[in-house]
Amino acid sequence: MTQLVLEQALNGLQFGLMLFLLAAGLTLVFGIMDCINLAHGSLYMVGAYFVAAAAQAADSFWIGLGAGIAGAALLGLLLELSLFRQLYRRDHLSQVLATFALILIANESVRVIWGPAPLMLNPPESLAGPVEIAGFFYPAYRLVIIGVGLVVAALLYLLVAKSRVGMWVRAGAANREMTEALGINVRGLFTAVFVFGAALCALAGGLLGPLLAVQVGMGESVLILAFVVIIIGGIGSIRGALVGALIVGTVDTLGRALLPTLLRATLPADAAATLGPALASILIYLLMAAILFFKPQGLFPARA
Amino acid sequence: MAFYRPARWQNAAVSVSLAMLIALPELLTALDQSYYTGFATRVLIFALAASSLNLVLGFGGMVSLGHAAFFGIGAYVAAICYDAGIHEGLLVLPLAALVAGLFALLVGAISLRTRGVYFIMITLAFAQMTYYLFISSSAWGGDDGMPIYERMQFAGFSLLADEALYYLALGVLALCMLLFARQAQARFGRTVQAIRENETRMEALGYPVFRYRLVCFALGGAVAGLAGALLANLTGMASPNLLQWTQSGTLLVMVIIGGVGYLWGGLVGAVVLLLLEEFLLAWFEHWHIALGLLLIGIVLFAPRGVAALFGKHHG
Amino acid sequence: MSIRLTALAAALMLAGSVHAADPIKVGFVSTLSGPGAGLGVDIRDGFNLGMQHLGGKLGGLPAEVLIADDQQNPDIAKQATDRFLKRDKVDFMTGIVFSNIMLAVGPAVFQNQTFYISANAGPSQYAGAQCNPFFFNVAWQNDNLHEAVGKVVQDKGFKNVMIVTPNYPGGKDAVSGFKRFYKGKTEEMYTKLGQLDYAAELAQIRAAKPDALFFFLPGGMGINFVKQFVAAGLSRDTQLFAPGFSADEDVIKAVGEPMMGMFNSSHWAHDMDNAENKRFVADFQKAYGRLPSLYASQGYDAALMMDAAVRDVKGNVADKKALQKALEAKRFKSVRGEFKFNSNHYPVQNYYLRAIGKDAQGRVTNKTMGTIFTNHADAYVAQCKMK
């Protein structure tokens with residue numbers, strides 16, 4: 001039983017860290033620019049496709065990952081300069097519509113370029129098997145994901161919490177007008193943050209590619225989860241995104257794994273079989289509703 | 001900015017198009033194209049759903065990305081009624097509206113405590129929760145949805161013929177549009193619009209802003225439920241896909257193409273989008289790219305939508 | 001206003017272009033995108049190869065195949081079917097992969113009195129109480145391949161079996177089929193249809209320590225499951241079993257060597273020794289550059305079945321009774337060898353055990369090991385009261 005909980009906790013950590021990579025960019029774009037971006041999930045999808053295509057061409061997962069991230073960052077730059085810059089000043093409805101339109105375009109373009117069937121992306125040969133930790137076997141590749149996720153999360157935290165650029169970013173999230181008045185190039189800062197968010201998307205997409213499948217529409221379901229994360233954490237807060245991501249990742253994984261067992265022990269088998277999966281799948285939304293009920297601004301509101 | 005006021009010339013236009021819509025099934029049968037009667041019914045139903053979102057969005061100023069939840073719940077109520085042996089539309093339709101409306105009341109009560117992007121994301125998350133709830137519960141068919149093997153009746157009349165269901169949908173749509181038009185002139189409607197324009201002032205004047213918004217939100221949900229129940233009877237099933245957030249997005253697109261806040265915005269948008277889909281898809285498989293570009297164009301250059309082109313001088 | 005006029009004009013335009021000649025029309029609705037796309041694509045390619053072998057004709061008459069993608073979505077499938085039935089007035093329907101979609105689409109097809117030749121989905125409903133004169137399944141009843149695996153697992157003496165299937169009718173059929181012939185202890189695990197990450201399930205499997213694992217996860221789900229199962233190191237202690245659906249060429253191509261040693265069941269195999277099959281496998285490889293899967297063989301058979309029936313009624317497809325008789329007579333030579341239709345229009349046929357290993361050319365592929373059932377019928381036929 002302890003081994004099961006430990007393994008599930010690792011799974012939850014892995015899932016949570018990947019969610020954090022997605023939520024980090026999203027929460028900054030929301031927080032600083034007050035801009036809702038539904039197409040964030042599409043950047044994740046396109047990033048994963050870039051990684052898969054580059055990995056196939058170079059016959060190396062790591063080269064593919066690097067090239068894919070660079071490609072997604074470039075795409076993010078183009079999008080920011082051509083479209084998002086126009087959107088910051090618009091109302092939320094316009095932002096919703098324009099970024100929903102981007103989703104349609106992205107999904108269809110991917111279908112045109114790579115076809116409707118999912119792409120297969122394999123992890124590096126050396127990481128395909130299991131490794132033994134604490135007396136049980138765990139997939140080596142998932143451990144690598146956890147490692148990369150932890151390093152990126154730490155760097156991001158240092159960058160935002162300790163560096164000068166990070167200070168500007170936080171200042172921008174807390175009070176945009178004041179930051180501008182202090183003579184900081186907010187426009188350039190916006191572009192940089194957006195591009196950085198796109199790169200993080202591609203990193204998450206590329207890392208998850210071998211575990212999941214690189215396919216059309218993969219961005220949409222993950223986008224909603226990223227939303228839940230930043231609602232829980234508080235929009236514009238990196239710390240909130242990290243805490244929110246870990247909460248969502250752990251609650252979802254543990255709920256899916258332990259709830260059916262738990263219910264089977266307490267309820268008649270029939271009721272448990274009906275209720276278990278239903279409850280597990282909406283657990284994080286219930287959690288979100290509960291947190292909002294008590295703290296409508298999330299756990300770590302950026303604007304105090 | 002009283003967008004919701006129909007002008008006199010519009011009344012004439014409405015009468016003419018209503019007459020044409022009444023004649024449509026006869027015409028299609030004469031042309032041996034009765035497939036399009038079902039298609040036209042679909043358009044009418046989506047027009048109703050989009051109009052209900054327009055009520056929330058254009059009229060009440062609430063950007064909800066979770067409207068599909070109420071639409072889908074209406075469909076499921078119809079299917080559950082069929083399963084339970086309730087086949088009378090006079091019972092099924094109000095029930096669908098009631099359940100969807102109550103659920104909207106609940107969602108609204110939590111979501112309306114928040115503002116801006118939070119509201120958008122929370123409505124979205126609630127809709128997604130509903131979606132997951134339905135696909136993972138075996139009692140409601142899970143991923144498969146729930147079948148309706150035989151359409152409901154209406155006041156004892158059979159709706160088996162596509163034409164019959166078409167006229168029912170037309171009637172419901174006409175009634176709801178009439179209700180919306182009246183509503184806009186009534187005290188309630190004026191208050192909600194005033195809140196949209198200046199919330200702080202209305203609050204200062206002592207209006208219970210939250211309550212007005214909530215009622216508007218719930219009303220929109222109820223009408224969406226009505227549309228969902230009709231759609232389930234048309235397609236013969238309640239599908240979880242109706243609950244998916246992309247469905248909310250599609251409804252939103254319809255409203256915006258048609259014109260946010262214009263009485264006919266939802267209707268025009270549904271007609272335009274579904275016709276484009278039906279006839280463009282055959283020629284251009286990847287028409288979503290064109291649609292996406294069109295939408296971005298609308299946002300950047302014509303933010304008031306198509307209906308605005310007709311109603312500009314009455315704004 | 002003007003928009004409604006446009007609608008009318010468009011309807012009129014279409015009315016002008018009604019079909020002049022009367023070819024035999026086939027409506028092919030299948031899953032051609034998303035995680036289940038591999039299955040639909042194989043059925044389509046098999047069907048197209050069949051049409052090619054028939055010279056593009058059915059029963060000697062010119063034929064037209066209309067193809068639509070259901071995106072594994074019952075709603076979209078219904079719309080596409082409606083269009084084919086009412087607008088294009090097709091003579092046959094085929095192609096659907098998933099049983100839930102079949103059940104959603106079925107009533108409209110039967111009401112329209114159009115023959116549905118299922119090249120895959122074989123739900124228990126249509127084999128039993130809801131059997132229909134207009135429904136034929138040229139592949140199997142959903143339970144059959146699972147029953148065959150259950151028999152093998154029972155015979156091999158496994159005692160503690162874990163079952164993993166998606167939470168949908170096909171998944172439920174798999175469990176009941178498997179348990180009809182396997183009598184030992186089981187634990188069942190239901191996953192979301194379309195799920196791709198099985199980390200939580202694999203941890204539970206590790207904790208439960210079953211000696212064998214039976215999974216039914218078609219398409220991309222199975223690919224991911226096997227990959228992650230092996231990556232988690234579970235293949236050391238647990239023997240994998242699956243129906244042919246989860247262990248055919250589409251899955252093998254994506255997973256590769258980790259599949260070796262896995263047992264599965266099928267009514268067809270690419271190494272079956274008959275002239276029709278040899279021609280089919282060789283031409284399929286030539287046309288599409290890959291080995292055919294059982295799905296492709298079923299699509300191919302569906303085309304041959306329509307052809308034989310149309311020939312039988314001399315092209316008079318309007319005579320539904322005669323056409324039904326002709327379809328029941330089954331006058332084509334299937335690539336799986338001999339089989340016949342039962343009174344519920346499902347096949348009575350042999351099922352074989354296959355194991356995955358390397359063939360003479362060094363490819364990882366299926367090899368037929370023996371026969372599990374001979375002339376096996378489904379368990380629901382007694383409930384079918386067909387007029």
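In this predicted model, 37 residues of chain A are in contact with 39 residues of chain B. On the chain A side, the elements that give two or more residues are α3 (61-87), α4 (92-114), α9 (218-233) and α11 (269-294). Of these, α4(A) supplies the largest share, 16 residues. Sorted by class, the chain A side holds 27 nonpolar, seven polar and three charged residues.

I turn next to chains C and A. Here 24 residues of chain C touch 25 residues of chain A. The elements of chain C that contribute two or more residues to its side are α2 (37-53), α8 (199-208) and α9 (220-231). Which of them gives the most? That is α8(C), with six residues. The side of chain C that touches chain A comprises 13 nonpolar, nine polar and two charged residues.

Let me now move to the interior. The largest nonpolar core has 345 residues, and those with the most contacts inside it are Val228(A), Ala78(B) and Ala125(B). Helix α2 of chain B, residues 35-59, gives the largest share of this core, 17 residues. Where does the core stand with respect to the domains of chain C? Both domain 1 (21-142 + 273-349) and domain 2 (143-267 + 351-376) of chain C give residues to the core, and therefore it lies between them.

Finally, I would draw attention to Val228(A). Neighbours within four places in sequence aside, Val228(A) is in contact with Val248(A), Ile284(A), Tyr285(A) and Met288(A), and also with Ala125(B). Both Val228(A) and Ala125(B) are among the residues with the most contacts inside the largest nonpolar core.

Note on methods:
Residues are numbered from 1 along each chain as its sequence is written. Chains are lettered from A and ligands numbered from 1 in the order in which they are written. This is a predicted model: local features need pLDDT of at least 70, side-chain atom pairs count only at pLDDT 80 or more; totals for chains, interfaces and linings use all residues. A nonpolar core is a set of buried Ala, Val, Leu, Ile, Met, Phe, Trp, Tyr and Cys residues joined through C-beta atoms within 7 Å. A residue is buried if 20 or more other C-beta atoms lie within 10 Å of its own, exposed if 12 or fewer, and partly exposed in between; C-beta atoms are placed from the backbone. Helices (H or I, at least four residues) and strands (E, at least two) are DSSP runs, numbered from the N terminus. Domain bounds come from an automatic or database domain assignment. Two residues are in contact if their C-beta atoms, placed from the backbone, lie within 7 Å. Ala, Val, Leu, Ile, Met, Phe, Trp, Tyr, Cys and Pro count as nonpolar, Asp, Glu, Lys and Arg as charged, and the others, Gly among them, as polar.
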